[in-house]
Each structure stands twice: as C-alpha cells, then as structure tokens.
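Please open the model in your viewer and keep the sequence panel beside it, since each stop on this tour begins with a selection.

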Amino acid sequence: PRRAAAPPQLQLLKQAGLARSSSSNSRRLPKQLLASRLCHHATFRGHGFPVYSLLWDKAGRRVITGADDANIKVWCVVTGLLLATARGHGGEISDLSLSADGSMVASGATDADVRVWSMQPENLGQNLAVLRGHTAPITLIDFHPKLPYALLSASEDGTIRLWDAADQHFAPLLLLPRDGFGALSSSSSLAAGGGAGGPAGAAAGDGSSMAAAAAAVDAAAAGGSGAA
C-alpha cells in the first residue's frame with residue numbers, strides 16, 4: 001500500500017529546515033522547533049492602527065500590509081523601506097489577495113468596497129479599479145489561483161460576487177448562499193427580481209448554474225463585458 005503523505009505542516013517545516021526528514025511513518029510534528037534557525041529580520045513601522053492583513057509577493061521580496069487605518073502599504077523585505085502607500089478605502093482593511101500573476105493586489109474593507117491596486121514597479125500602489133456592489137463590510141476576497149483577473153468577494157450582506165478585477169464596469173456574477181448552495185444571478189437579473197430573495201434573484205443550484213459560474217470565471221479572465 002502507498003504510504004500516507006506527511007501533513008502539510010510537517011512538509012513546510014522540513015522545507016524550512018526545522019524538522020528532520022525521516023523514512024518512518026510517524027506523522028507527529030516535532031515537539032520543539034529549532035529556535036536557533038529563527039531570527040528577527042525587520043520591523044516595518046508606518047501604519048497608525050493595528051495591522052490584520054499581510055501578504056508576500058510572488059518573489060518574496062515585498063510585503064503588503066493592510067491595517068485599521070484604511071491604508072495598504074508595500075514594503076521592501078531587503079531594506080525594510082516603505083515602497084508605496086495605497087489610499088482610498090473609507091474603513092478598516094479586512095482582507096488582501098494577490099493575483100495569480102502577481103501584478104495586482106486586491107483589498108476588501110469595512111466600507112463594503114473592493115479595490116484593486118497595481119503591483120507593477122512603474123505604478124506601484126496605483127488604484128486600478130473600485131468594485132462596488134456589496135452593501136456591508138467585506139469579509140473575504142480571493143483571486144483565482146490561475147486566472148489573474150477573476151476575483152471573488154464575500155460580504156456580511158450575505159452574498160458572494162465574482163468580479164473582473166481589471167474592469168470595474170464588468171457586471172459581477174452574484175452567488176446567493178442563503179437561497180441554496182450554488183444559487184447565482186447576474187447583477188441585472190438581481191435588480192429585475194426586486195432583491196436577493198426575488199424569483200429572478202437566483203437560479204436553481206443545478207449543473208447548468210454551475211456551468212454558468214465556470215463560464216463567468218472565463219469571461220472575467222478574458223475581460224468580458226457582461227455576466228454569464
């Protein structure tokens with residue numbers, strides 16, 4: 001029989017040199033980390049309020065932080081210097097996500113907006129898009145792992161939206177969990193249905209709706225002009 005794979009935590013520790021590789025079947029994590037391998041590298045100061053969101057860029061040379069001061073900052077890991085400050089949100093930053101190609105970072109905040117910022121050196125921190133539609137604080141945002149422009153957002157308003165991060169005029173696809181797992185609607189049909197609970201506000205969560213959601217992801221990545 002195939003040997004069970006080691007837990008991902010143990011694999012990460014082994015890659016970092018904090019756990020010894022072993023041919024045994026033991027799945028236990030080490031009781032003590034090798035503290036001598038860990039050292040303080042840098043302290044970044046500049047936010048006026050607590051930081052609750054942090055990302056590394058794809059190359060591992062920059063750190064992106066989001067804080068309760070409503071700002072997003074980009075730092076150089078090597079020098080510790082502040083490279084850019086992205087301003088525009090009207091509330092605390094609740095989540096950050098980096099695009100698959102590393103060219104953009106998206107931020108969600110308690111002001112119910114999702115904003116997209118450039119990570120390109122020539123216009124680092126520039127606001128590329130403001131994605132509005134949620135009516136309550138953003139709780140989570142996440143770029144697609146392969147499609148660089150497909151961005152998902154979740155909010156306390158009870159909806160999940162799929163955006164084209166490169167086009168703020170793109171009509172997002174709405175997923176309405178409260179109407180059943182997989183229920184979806186475009187922005188236009190939601191409005192026509194008179195709200196999230198209206199008959200036109202959601203389609204049945206069947207195979208056709210899932211196919212429509214997949215098509216919407218492809219359309220977002222290709223810069224489509226309408227929701228699937």
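Two strands are said to pair if DSSP finds at least two bridges between them. With that in mind, select Val 114 in this predicted model, and look across to strand E8, where Leu 131 stands opposite Val 114. The two strands concerned are E7, residues 114-118, and E8, which run antiparallel and are joined by four bridges.

Before going further, colour the whole protein chain by secondary structure, which comes to three helices and 13 strands. The chain has 228 residues, and 41% of them are buried. If you turn on a surface, about 12,500 Å² of the protein chain is exposed, with carbon and sulfur atoms supplying 54% of that area. Among contacts in the chain with a separation of 6 or more, 35% are made by residues 24 or more positions apart.

**The sheet that holds E7 and E8**

Now widen the selection to the open sheet of four strands, whose order is E5-E6-E7-E8 and whose pairing is antiparallel. Its edge strands are E5 and E8 (127-131), each of which pairs on one side only. Viewed along the sheet, neighbouring strands are turned by 20° against each other on average, with direction ignored.

**The other four-stranded sheet**

Next, select the open sheet with the order E1-E2-E3-E4, which also has antiparallel pairing. Why is one side of E1 and of E4 left without a neighbour in this sheet? Strand E1 (51-56) and E4 stand at the edges with a single partner strand each, so each has a side that no neighbour in the sheet occupies. From one strand to the next, the twist in this sheet averages 20°.

Stay with E3 and E4, which pair in the antiparallel sense over four bridges. Select Ile 72 and you will find its bridge partner in E4 to be Ala 86, while Trp 75 has Leu 82 as its bridge partner in that strand. The hairpin of E3 and E4 has five residues between the strands, and in this hairpin Gly 80 takes a positive phi near 80°.

**Into the core**

Which residues touch the most other members of the largest nonpolar core? Show side chains for Leu 55, Ile 64, Ile 72, Leu 96, Leu 98, Val 105 and Met 119, which hold that place among the 14 residues of the core. The elements that give two or more residues to this core are E3 (72-76), E4 (82-86), E5 (93-98) and E6 (104-109). Of these, E5 supplies the largest share, three residues.

Centre the view on Leu 96 and, leaving aside its neighbours within four places in sequence, display what it contacts: Ser 53, Leu 54, Leu 55, Ile 64, Thr 65, Gly 66, Ile 72, Ala 106, Ser 107 and Ile 141. Another core lies apart from the largest one, and its twelve residues include Ala 106, Ala 129, Ile 138 and Phe 143.

**A last hairpin**

Keep Ile 138 selected, since this member of the second core has Ser 155 as its bridge partner in E10. Strand E9 (residues 138-143) and strand E10 (residues 150-155) pair in the antiparallel sense over five bridges. Together E9 and E10 form a hairpin, with six residues between them.

Technical notes: Residues are numbered from 1 along each chain as its sequence is written. This is a predicted model: local features need pLDDT of at least 70, side-chain atom pairs count only at pLDDT 80 or more; totals for chains, interfaces and linings use all residues. Side-chain values use heavy atoms; hydrogens and water are left out. A nonpolar core is a set of buried Ala, Val, Leu, Ile, Met, Phe, Trp, Tyr and Cys residues joined through side-chain atoms within 4.5 Å. Buried means under 20% relative accessible area, exposed over 50%, partly exposed in between (1.4 Å probe, protein chains only). Contact means heavy atoms within 4.5 Å. Axes are lines fitted to C-alpha atoms, for helices over the stretch in contact, and angles run from 0 to 180 degrees between N-to-C directions. Accessible areas come from the Shrake-Rupley method with a 1.4 Å probe; for residues, only the protein chains shown count as cover.
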